[in-house]
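Please open the structure in a viewer and keep the selection tool at hand. The tour below proceeds stop by stop.

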Amino acid sequence: TAPLLSLRGVFTDAGGLSSNPSFALDILPCHKRVCVVGASCTGKSRLALVMAGFFEQGFQGEMFLNGIPMADIPRRVRAKSIGWIPSNPLLVFSGIKKDLAGEIDLSLEMIGVNAPDEYTKLKRYIGLFRVDNLLSRDPYSLSGGEKVRAALAVTLAKQPGLLLLDQIYDALDPESLVEVRN
């Protein structure tokens, strides 16, 4: 089986990622969870950013998504194929719209989702993560846990084949942590 995501020789001179040009990682479809662990400032967040398809100046190496070179995949397709929630979940939202509902619509519109069945999936995630009562609120006014739950609902509604989570559990209270993990 071909890897969902494959990295070979990934390196960035911006510091923190891998100074080892022989770095390699394959994430197979059968993998339920893959964890990258390490000390602070060792490049875990930078690796997630690169894996999400955000290339940086000084990036070297090869990345493949479903066997296709990542550089050949349009950004819109990458954004739908790889869900990424950074340690600051507000980065999932644009800041352009005045409320969470508008941000959700914009997020889905930007990746070309406009079919009614896609919105049905979204409504399922909005209910699952208990953000239906937050839709009229400004995303920047949400608590840390609410921001994470809203980001998860939007990201999972895109039905990505790969989901990258960067320390999202830090903002969750114990009850929400159990819910999100399940």
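What follows is a sequence of selections, each with a short account of what is found there. The model is a predicted one.

**Stop 1: helix α1**

Select residues 44-51, which form helix α1. Within this helix, Leu47, Ala48, Val50 and Met51 are buried. When α1 is viewed down its axis, the buried residues fall within an arc of 165°, so they line one face of the helix. The general background is that an α-helix has 3.6 residues a turn, so residues three or four places apart point the same way. Next, extend the selection to glycine 53, which follows α1 and has a positive phi, near 100°.

**Stop 2: strands β5 and β6**

Select residues 162-165, strand β6. Which residues make up its covered face, and which its uncovered one? Leu162 and Leu164 belong to the covered face, whereas Leu163 and Leu165 belong to the uncovered face. In a regular strand, side chains alternate between the two faces of the sheet.

Now add residues 82-85, strand β5. Strands β5 and β6 pair in the parallel sense, over four bridges. To locate one of these contacts, select isoleucine 85 and leucine 165; the latter is the bridge partner of isoleucine 85 in β6.

**Stop 3: the largest pocket**

Select Lys32, Arg33, Leu163, Leu164 and Leu165, the lining residues that lie nearest the centre of the largest pocket. The lining has 38 residues in total, and the pocket contains about 1400 Å³ of space. The elements that contribute two or more residues to this lining are β2 (24-27), α1, α4 (116-128), α5 (144-157), β6 and α6 (174-181). Helix α1, visited at the outset, supplies the largest share, five residues. By class, the lining comprises 25 nonpolar, seven polar and six charged residues.

**Stop 4: the second largest pocket**

Move to the second largest pocket, which holds about 530 Å³ of space. Select Phe54, Ala79, Val92, Ile111 and Lys158, the closest to its centre among the 22 residues that line it. At least two lining residues come from each of α2 (75-81), β5 and α3 (100-110). The lining of this second largest pocket consists of twelve nonpolar, five polar and five charged residues.

**Stop 5: the loops**

Select alanine 171, in the loop between β6 and α6. Its relative accessible area is 35%, so alanine 171 is partly exposed. Add asparagine 88 and display the distance between the two C-alpha atoms: the separation is 9.2 Å, although the residues are 83 apart along the chain.

Continue to asparagine 66, in the loop between β3 (59-65) and β4 (68-69). Its phi is positive, near 55°, in a residue other than glycine. Asparagine 66 counts as partly exposed because its relative accessibility is 48%.

Then select arginine 130, in the loop between α4 and α5. Arginine 130 is not a glycine, yet its phi is positive, about 55°. With a relative accessible area of 33%, arginine 130 is partly exposed.

**Stop 6: two cysteines**

Finally, select cysteine 30 and cysteine 35. Are these residues buried or exposed? Cysteine 30 counts as exposed because its relative accessibility is 60%, and cysteine 35 is exposed as well, with a relative accessible area of 65%. How many disulfides does the structure hold? The number is zero.

Conventions. Residues are numbered from 1 along each chain as its sequence is written. This is a predicted model: local features need pLDDT of at least 70, side-chain atom pairs count only at pLDDT 80 or more; totals for chains, interfaces and linings use all residues. Side-chain values use heavy atoms; hydrogens and water are left out. Buried means under 20% relative accessible area, exposed over 50%, partly exposed in between (1.4 Å probe, protein chains only). The arc is that of the directions from the helix axis to the C-beta atoms. Two strands pair if DSSP finds at least two bridges between them. A disulfide is a pair of cysteine sulfur atoms within 2.5 Å. On a 1 Å grid over the protein atoms alone, a cavity is a set of points where a 1.4 Å probe fits but cannot get out, and a pocket is an open set with protein on both sides within 12 Å along at least five of seven lines; lining residues have an atom within 4 Å of a point. Grid points are joined across faces, edges and corners, and a volume is the space filled by probe spheres set on the points. Ala, Val, Leu, Ile, Met, Phe, Trp, Tyr, Cys and Pro count as nonpolar, Asp, Glu, Lys and Arg as charged, and the others, Gly among them, as polar.
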